[in-house]
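Grab a viewer and work through the exercises below. Try each task yourself before you read its solution.

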Amino acid sequence: MPEEPLPKSRPHPLRAPSIESHYRNERGYVELAVTSNFTFLTGGSHPDELVIEAARLGHCAAAITDRNSLAGMVRAHVAAKTLGIQLLVGCRIELSEPTGISFLVFPTDRDAYAKLCTLLTLGKRRAAKGQCDLSLHDLIEFQMGLLAVAIPPRVLDEQYIQILQGMKRVFDDDRLSLAMRKGYHQDDAVRMRQVADLGGHVGVPIVATNDVHYHTPARRPLQDVLTCIRLGKTIDHAGFDLFQNAERHLKPADEMIHLFRAYPLAIARTRHIAERAKGFSLDQLRYCYPDEVVPEGTTAMEHLVSLTWKGAAWRYPGGLPDKVKAQVEHELRLIDELEYAHYFLTVHDIAAFAVSQGILCQGRGAAANSAVCYCLGVTAVDPDRVNVLFERFISKEREEPPDIDIDFEHERREEVIQYIYKKYGRRRAALTAEVISYRGKMAIRDVGKAMGLSLDLVDRLAKELSWWDGTDALEGRLKEMGLNPNDPRLRRSLALAGELVGFPRHLSQHVGGFVITKAPLCEMVPIENAAMPQRTVIEWDKDDIDALGMLKVDVLGLGMLTCLRKCMDLVAASDGERFTLATIPAEDSQTYDMICKADTVGVFQIESRAQMSMLPRLKPRCYYDLVIEVAIVRPGPIQGDMVHPYLRRRSGDQPITYASPEIERVLGRTLGVPLFQEQAMSLAIVAAGFTPGEADQLRRSIAGWKRKTNEIRKFQARLIDGMLERGHTRQFAEQVFTQISGFAGYGFPESHAASFALLVYASCWLKRHKPAAFAAALINSQPMGFYQPAQLVRDAAAHGVTVLPIDVNISQWDCTLEGRSGGQPGSQPAQWGKDGPALRLGMCLVKGLSEVDANRIADSVRKHGKMESIARLRRLSQASTTGLRRLAAADAFTSMGLTRQTALWSIRAMNDDPMPLFDGIDPAYEPPPVALPKIKPGRLVLQDYGSTGLSLKAHPLSFIRSQLSHMKVTTAAELQSEQRCPQGRILRVAGIVLVRQRPGTASGVVFITLEDETGSANLILWSDVFERFRRVARHSRVIMASGHIERRGDVVHLHVRQLESLDELIPALDQASRDFH
Amino acid sequence: MTRRRLRLDAKTPVLVSRPVHSRAIVSACCGVAAAGGVFVGMTLSHAKALLPCDAHVEAADPSREARLLRRLAVWATRFVPVVAVSEPDGLFLDASGCERLYGGLNPLLRRIQRAMRKLGFAARLAAAPSWGGAWALARFGDSPCISVIRSGLAESLRPLPIEALRIGNETVGLLREVGITRIGELMALPRSNLAHRYGQALLRRLDQALGEAFELIEPIRIREPVYAERLFDGPTDRIEVIEIIARELLEQVCGQLAARESGCRELYVRLLRSDLAPLDLTVRTSRLSRDGKHLWKLLSPQLEKAQLGFGVEGMRVRASGVGTIRHHQTQCMGREPMAPNEETDGRASDPLADPSVAMLVDVLAARLGPGGVMRAVPLASFLPEQAFRFEAVQHLLPVRINADVVRADRPSMLLNPPVPVDVVLLRPGGPITSVAMHKRLLRVRSCIGPERIGAEWWNGEDGDRDYFKVATDDGRWLWIFFAVQRSRWFLHGEWT
C-alpha cells in the first residue's frame, strides 16, 4: 500500500515517504475539532496560525471550535479570507449538565448562527465571568440549523448511549455525527472499534477528528506549559494532566486518510459536514446602525444636515465664516457619500445627553475634529482656529467607520454609560472586550513558575528581562545576573516565554468601547458578564469589531474634564462669569507667556518634568504649537530622533528642506519632521508608494503591541525599496524608516493631540487667570496628575493666592473660594491671584474623615451659625466622634479657640453613645483644662503633614535651615537668581522629595523634584548617578543633592553628582511622594 | 546564634523577615543591620537596598521562636526556681530570696548576662520591685543591666517613653497626639481624666509598672523526660543478665509512656562499658509505640551484636519523639472487630497504616539494617521507567500516595536499561512479524500498537517512542519500542 508524504521536517521512519500526490480532492479532509489559544491556557496556537496551516496542508476547509466561545473567530475569519479557504464557524459546547459531555456545533446559516450566539450568551450570562453554564436541554432548545459532532467520553456507558439516541432524534436530517480519534494510544484499535460499534448501534455516522490543540508538533512543549499554568502545577509534577504525545496537531489529509484507512467513511463525513456548513460565513453579519437617533419622517442625512446648520448658527452667533461654511459643506458631502450619517448622529446623541446633564465632554480621534463635530457640540476645537483637513481623518479608501472617542468627566462617566444602556437596552448595547495578552514580564513569570524555577529567580528574570524581545544579547544579560546562560532548563523557559508572548490570557472589558446595533446584539456575538457588576461584554475586541465594520463609540473618562468643570463652576459662583470650553478666550498671550516659562504645575498633559523641560525650548505661542508639544514628548518621536531636528528647524538653526513637493504637503506643518502617527502613514503612501490599505496595516502593526514588537520589520524592505524607486536617496529612506519605526513604541495621532491641546490650553488659561479656582478644582478632583495637594497649595500660594486653613466652622467637604475678585491683578506671577478670591481648604483633605460626617458638620453650621464648642457642634450635627477626632487631628477647631492638642483632649472624653440626657442643663460645659505638655513647633508641622498631607504653618525644612546653612546648602529661591547661581556652578540643595519620575524613554534618566520652604528645585540624575545612589534616590523622603547648575532660559536644573539622605533630620515625615509615574 | 550556626563573618548583616500582606517585612535585625539604617517594620527590599553587602535573610518562624524561648526559660531555672515566659521575646525571673546565694542582685544579673552571652544572646536585664517596672527598664532603660530598688522605681521610670508601659500601639498613638510621650508626663495628669479617655487598662499598666498593682505571672513547668537507668554492682559481660536488665528498663519506660498515654518513635539505649566509651544503640519505629515486646524485638538483635568489652557497668534507656497515642477500640464485648479508624482517605490506602505491617517493617528493618526494606511508590509519568520509584521504608512515616497509576496496560517486568533488539516489519510502520532475541528469531503471532509516548522534553530528552505489545510464537508477551530519534528498536519489558 502506498504511503503518504510527511508533514514533519524530519522524516518519520515508520512511514516511508512516497511520491503519491496531494491531488486527490475526492480524498480531501477537514479537521473539525480545533482548539485555538482562545480556549485560554489550553490551545497552543493562534487561530490564524491554525487556518494558515490547514490551508498549507491542503485541507478542504479550516475550522475553529473553541470551548464555549467564538472569541477567536474573527481572527480566523480574516486569515481564511486572505487565503481564500473556507472557514467553518464553530464551537465546542462543553455541557455542565451532564458533565463531561461535549459537542462540536457548526451553524449552517445566519439564523442558526444567531441561535448559537444566543445559546452561548445564555450560558455565559448565568455563569461567573469567563465561564459558561449550559445543559443538554439548552442545546436541544437552540439546535435548529446546527450540525453537531458528539465527542465520546472516556467511558461509553449506557447513559451516554441514551443521550446519543436522544440527540439523534433531535438533530434530525442527518445533522449528528460521532467523533472518532486515533491518538497513538495503546488501546486505539479497541477504542475505534467501540466508537464505530456505538455509531452503528445508534445509527449515527462516524467522523474522523484529531482533537487538534496546536498547528505543528513543535508547539507541544508550549501546550504542556499552558496546561501547567492553567492547573497551577509545575511541569515535573503535571504527570498525567499533560498529553501523552505530540500528535494533537493538524495532519495532512493523506496521513489522516491512512490513519483511518479502516474507516474511509469517517473521512468523507468531514467533507460532508464542511459542505453543509458552507451556508454560513461571518461575512453575512451585515451591520445595521440603530435608527432611534433618526426622527420619523426624515432620513438620517437630512436630520444630520439640519442639526449641523442649527449647531453652526449657535456656534457662530456673529455669522458663519466662509471658510467654515465651505468646510461644513464639504464634510457633509463626504459623510453622505460614505453613509456615515447614522454614526455622527449616534455620537451627537451621546454628547447631547452629556451636555444636557452638565457633564463636560470632548470628542477626539479621527473625525472628531471636524467642522461638523464642532457644530454638533461633540468637540470644542474651533475649525476656524486650526487648519484641519477632514480627509486626513476619514479616508474613502479605507472602508472603516470613522473613529470618535469621547472623553467625559471621570466621576460622571457612569451616568453616560447607564444612559446608553437605557436608550438601546442591554440586548443591543454592550462593551467590547479587550483581549489581555501575555507580555514579556507575565510570560516569563508564568512560564518560569510552570517550569519549576525558584520564585526568587522568576522574580529576578521578570524584572530584568521584561523588555527583552527574544533576539539579542540574552547570554550577556544572563551572565550579568550571575546565571548560567547554558543551563538547558533556563534556556528552554526563556524560549517558551518568548513563544508565549502575544497569547491571549483572558478577556477583559475595554475601558469604554461601546457596540450598538439595531438587531439584538446577542444574535451577532456571544455576550458575557464582566467582572464589574451590571456590565456585559461581547466576546470580540475592537480590532474584531473593526474587521466586521461594526459601529463602536469609545466612552472614556478623563480626570481633567472633571477638574475643568469644577473650576468653571467655582469661577461662575465667585465671579459670576460662566465659561465653557469653547468660550475661554482664545490665543491669550499672557497664558502662552506662562507656558513658555514652564510654570505649569497641575495643568493638563504638560505638567510632567519631561514636558516642562521641553516648554522653554519649544516656546509655544499658538494653539498648534500646543498640539505639537503634546505629541512631541512621547516615546515615538524621542526614539525616532525627531525632537532635536524639529527644535533646530524651529529655532532657525537648520534650514527647512523637503525631499519633494509631495513630502512638503505631508510634513509642511511640522517643518519637515514627522511628529504624528498620521504623518508616518502618509509618508509611507507618498514617499514609498504604499496603498492606503498597506499604510493601514503598517499603522496597525505600529499602534499596539501586537504579537511581536518587531512585526514592523516586515515592512522595512518594502518601504525602503519603494522610496529608492521613487528617486529618494538611501540615506533619506533609512532615516524615514527609523522615524516610522520610532512610532512603534508609542506615537501620538494628531487627531488626539488636537483635542488634548485644547484641554491643555483651557487648563493653562484658568491657571493663569483664575489661580485660586483652578487650585481648588484640582484638589477637589484628586487623585489626578503628578502633584499632591501640598504642592498644589504651595504653587497657588506662590502665585499670590491666599490660602486659608481647614476649619469646622467655615470649610465644606470640597475646597471653596472666599471673597471676590478685587482690582486688576498684577503682571508678576506672584501677584496673579493677589486680589482674587482666597482658597479655603476643604475637609476632603483630612485623612480618614468620611464625607458623611463632613457634610453633617457643614450643614449644621449653615443652619445654626458658628459653633463655639465641640459639644454643641457634636450635638447639633450628629457627627461621629471619630470624625471629630480626625478633624481635631487636622487642627480644624481654631475658630473655637482650641489647639489640636486641647481639641483632641476634649474629644477623647466623648464617645459614640447616645447624647447625654442632661444636655439641656449645661450645654456649654467643658471640663476644666489640664496642663498638657507643650509641643514643639516642628512637631506641630509634622502633625499637620500627618493628618492633611500639608501644613500652612511652616515648611518642615525651615526647622532644620540653620543646620542646612551650616552645611552650605543653597535654597531653592536662590537657585533661580542667575547672579548667585550662574551656569555650571557646583552647589548643594536640599528638600522634601515631591516627585520622582523615570520616563520610559529617557534611557534611565531620573527626574526628582525637591521642595524646601522657598520653592522647588529640579534635579536630573543620569543613570550612573542613580545606580550609585540608588538607595537614597529611591527611598529617602528628604534629600540633599550636590551637582552643577544648568540654566536654559528660566528653567534651572541641577545635574546631580552626589546624593545624601537627610531623613534622620526630619523624623517621621510620613508623606509619600508620587514615585515613578 | 544564627551567625554562629552558619559561620557568617561579623560584617554580614542578619535579617529576619515575615510576610505581611504579600510583602516581606523586617521583623528583627542584628546590630550590624541596625547600624546601616534598617529598622523593624520596613520592607525587606528597602532594607536590602540600605545594606552595602548581601544580607543573610531568614524567614521568621514564630512557633520556632516560641519553642526557643521556652527552652531558654527551662535553662534559666538554673539561676532561680521561678521563671515565666514573656511573649514574644522576654523572660521573667523571680529572684526574691535568691539574691543572697549570689551575693546580691548585681552579681546575679552579671552572672546571667555572662551566661547568656556564652549562648550567643545579647540580653538586656533589669531588676526591679515590680514585673512591669523590670519589663520597662530592661527594654527602654539606658543601660543593658539595671537594678532598681523600690524607692527609686518611680523616678527611674519617669523619663521612659510610654511604650514601656506595655500598652497597645493604638493607645500610644492617641497619647502622642496630645503630646504625651513620657511616663512622667502621664503621671502628672489627673487619674480620672486618663481613665475616662484611655480606659482603665492604661491606669492598670501604669500601676503595675510602679508596683502599686498586683500582677500574676505564670511560671513554666518542666516536663520530666521518659527515662530509666540501672547501674550494676560490677561490670558484667553476661549477655543474659544484660538482656534481663534491658527488658526491665524497657518495661519501665513503657510504663512511663503508658502513664502519659503516649508512645515513642525513638529509643536511645546507652551501655556504660567499663573500659570503652559508652555504646549507644538506637531503635526506631514507624509508628508511635509503647509495646515492650515489639521494642524488645527491635532492640535484641542490636544487643546481640554489641561489643561489650570487659563488661557493662550500667544501662540507660531514654524515649524520644514522644507523642500521644489515640486509642481505638478494637473489640466490643469480645465480638465484632470495629472498623479501623480511617484518618484520611490517602492514608487508608497506605499499607503501612496497618499496624501489623508496620511492625513487620520495623522488625525487618531492624534485622536487615537501614535501607534494607524498600517499597515502590507510583509517580505520574508516561515514561514507564519513571512511573515508579523505590523508597526506603526505614522509620518512614505513612505517606500519602497522590499519583495515579498509569491507566494503560503495562508489563510486570521492566528491563532497565532496555535491551536493543532487531525486528522485522511487515511494512514500514506496520505490524512486527518477528523479533531477533538471543540470536534466535521469534515469530510474532500478534502485535498491538503503536502506542506513542512523547519524550519528557523538560528534562532535555528528545525523541518519541513507539511501543508495541507483541505475542511471540513461544507464548511470551514482549514490550518492544522503537526510539524514533535514534532509529533503533529495544525490548523494554515482558508480561510474565
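What follows is a short set of exercises on this predicted model, each with a worked solution.

**Exercise 1. Get a feel for chain B.** Work out how many helices and strands chain B has, and what share of its residues count as buried.

Solution. Start with the secondary structure: chain B has 16 helices and 22 strands. Next, burial: 41% of its 496 residues count as buried. Then look at the outside, where chain B shows about 27,900 Å² of accessible surface, 53% of it belonging to carbon and sulfur atoms. Finally, check the contacts with a separation of 6 or more: in chain B, 52% of these come from residues 24 or more positions apart.

**Exercise 2. Place a leucine on chain B.** Is B:L364 buried, partly exposed or exposed, and which patch does it belong to?

Solution. First find the element: B:L364 sits in helix α16 of chain B, which covers residues 355–368. Now take its relative accessible area, which is 35%. Buried would need under 20% and exposed over 50%, so B:L364, at 35%, is partly exposed. Last, look at its partners: together with B:L360 and B:L368, B:L364 makes a nonpolar surface patch with about 280 Å² of accessible area in total.

**Exercise 3. Describe the interface.** How much area do chain A and chain B bury between them, and which residues form the salt bridge?

Solution. Interface size is often quoted as the accessible area lost when the parts come together. Here chain A and chain B bury about 4,300 Å², with 59% of that on carbon and sulfur atoms. Each side brings 47 residues to the contact. On to the polar part: there are 11 residue pairs in polar contact between the chains, counting pairs with both residues at pLDDT 80 or more. The salt bridge count is 1, and the pair is A:E247 with B:R452, whose closest N and O atoms are 2.6 Å apart. As for helices on the chain A side, α7, α8, α20, α39 and α44 each supply at least two residues. The largest share, 5 residues, comes from α39(A).

**Exercise 4. Look inside chain A.** Which residues of helix α23 in chain A are buried, and what covers them?

Solution. Go along α23(A), residues 589–596: A:T591, A:Y592, A:M594, A:I595 and A:C596 are buried. Their cover includes α24 (609–618), α25 (623–632) and α33 (750–769) of chain A. Then step just past the end of α23(A), where A:A598 takes a positive phi of about 60°.

Terms used. Residues numbered from 1 in each chain as written. Chains lettered and ligands numbered in written order. Predicted model: local features only at pLDDT ≥ 70, side-chain atom pairs only at ≥ 80, totals over all residues. Heavy atoms only, no water. Patch = residues over 30% accessible without salt bridge, like charges linked within 9 Å, V, L, I, M, F, W, Y side chains within 5 Å. Areas by Shrake-Rupley, 256 points an atom, 1.4 Å probe, with all protein chains shown as cover. Salt bridge = Lys/Arg side-chain N within 4 Å of Asp/Glu carboxyl O. Helix = DSSP H or I, 4+ residues; strand = E, 2+ residues; numbered from the N terminus. Buried < 20%, exposed > 50% of the residue type's maximum accessible area, 1.4 Å probe, protein only. Contact = heavy atoms within 4.5 Å. Buried area = accessible area lost by both parts, 1.4 Å probe. Polar contact = N/O pair within 3.5 Å; in protein donor to acceptor, adjacent residues only side chain to side chain.
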